[in-house]
Amino acid sequence: MTKFIFQLIGIALMLLGVYLLGKNIFFTTNASPYFWRGIAADISVVALTFGVISIFMFPKTMKMMGFVLIGFGVVFVVYSSRAVLSPTSLWQFLVSISSMVGGFKLLTDSRFGG
């Protein structure tokens, strides 16, 4: 029972970390006068989708390709200028990363609640 409570706290901390880090990222739908901006946005969505699918569904040998695809997706999101990043303070970044890592540790560590 206590392991389940630690897992719930871990999930809550991970969601808090994602929220704190993600609330400064805005996605726009502005029309671009250049045709390659829309293509870059499409490539980013496809690369992110295939990257996540390959990490979770394919064998271990293909997991690295999934991380590469996610990296390409992030680069194309920034390149297409559809994601606007607001400034984030160092303390907010520290709290966000700490809560995500601590939540993940609580979720996956079997020593808690034994």
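**Entry 1: helix H1**

I began with the residues of H1 that are buried, and I noted three of them, Gly 10, Gly 17 and Leu 20. I then asked where around the axis they sit: they cover an arc of only 95 degrees, which puts them on the same side of H1. I keep in mind throughout that this is a predicted model.

Looking at the face of H1 turned away from this buried side, I found the exposed residues Leu 15 and Tyr 19 there. For the extent of the helix I noted that H1 runs over residues 2-22, has 21 residues and reaches 30 Å from its first C-alpha to its last, close to the 30 Å expected at 1.5 Å a residue.

I also looked up the record for this stretch, and the unreviewed UniProt entry lists residues 5-22, 34-58 and 65-84 under "transmembrane region". Over residues 5-22 I find the chain to be 100% helix and 0% strand, with the end C-alpha atoms 26 Å apart.

**Entry 2: what covers H1**

Which helix is included in what covers the buried residues of H1? I found helix H4, residues 90-108, among the cover, and looking from the other partner I noted that the buried residues of H4 pack against H1.

H4 has 19 residues, and from its first C-alpha to its last it reaches 27 Å, close to the 27 Å expected at 1.5 Å a residue. I list Gln 92, Ser 96, Ser 99, Gly 103 and Leu 106 as buried in H4. These residues cover an arc of only 105 degrees around the axis, which puts them on the same side of H4. On the other side of H4, I noted that Leu 90 and Val 101 are exposed.

**Entry 3: Ser 99 and Gln 92**

I next took two of the buried residues of H4, Gln 92 and Ser 99, one at a time.

Ser 99 lies in helix H4, and its relative accessible area is 8%, so I count Ser 99 as buried, the cut-off being under 20%. Which residues is Ser 99 in contact with, leaving aside its neighbours within four places in sequence? I found Leu 13, Met 14, Leu 16 and Gly 17. For the polar side of this, I noted that the side chain of Ser 99 reaches the backbone oxygen of Leu 13 at 3.5 Å.

Gln 92 is also found in helix H4, and its side chain reaches the backbone oxygen of Leu 20 at 3.2 Å. Not counting residues up to four places away in sequence, I see Gln 92 touching Leu 20, Lys 23 and Asn 24. I add that Leu 20 is itself one of the buried residues of H1. As a check on the backbone I looked up the C-alpha atoms of Gln 92 and Leu 21, which are separated by 7.6 Å while the two residues are 71 residues apart along the chain.

**Entry 4: Ile 97**

I also looked at Ile 97, whose place is in helix H4. Is Ile 97 buried, exposed or partly exposed? At 32% relative accessibility it counts as partly exposed, because this value falls between the 20% below which a residue is buried and the 50% above which it is exposed. The C-alpha atoms of Ile 97 and Leu 16 are separated by 9.8 Å, and these two residues are 81 residues apart along the chain.

**Entry 5: helix H3**

Turning to helix H3, residues 60-79, I noted that its 20 residues should span 28 Å at 1.5 Å a residue and that its end C-alpha atoms are 30 Å apart, which agrees. I found Gly 66, Gly 73 and Val 77 buried in H3. Seen down the axis of H3, its buried residues fall within an arc of 30 degrees, so they line one face of the helix. On the other side of H3, I listed Thr 61, Met 64, Phe 67, Val 75 and Val 78 as exposed.

**Entry 6: the chain as a whole**

Last, I looked up the totals. The protein chain has four helices and two strands, and from the N terminus on its elements run α-β-α-α-β-α. Of the 114 residues in the protein chain, buried residues make up 19%, and the accessible surface comes to about 8,400 Å², of which 78% belongs to carbon and sulfur atoms. Among the contacts with a separation of 6 or more, I noted that residues 24 or more positions apart account for 78%.

Technical notes
Residues are numbered from 1 along each chain as its sequence is written. This is a predicted model: local features need pLDDT of at least 70, side-chain atom pairs count only at pLDDT 80 or more; totals for chains, interfaces and linings use all residues. Side-chain values use heavy atoms; hydrogens and water are left out. Buried means under 20% relative accessible area, exposed over 50%, partly exposed in between (1.4 Å probe, protein chains only). Contact means heavy atoms within 4.5 Å. Accessible areas come from the Shrake-Rupley method with a 1.4 Å probe; for residues, only the protein chains shown count as cover. The expected span of a helix is 1.5 Å times one less than its number of residues. The arc is that of the directions from the helix axis to the C-beta atoms. A polar contact is a pair of N or O atoms within 3.5 Å; within protein, one must be able to donate a hydrogen and the other to accept it, and residues adjacent in sequence count only if both atoms are side-chain atoms. UniProt positions are given in the numbering used here, feature names are shortened, and annotations may be inferred rather than shown by experiment.
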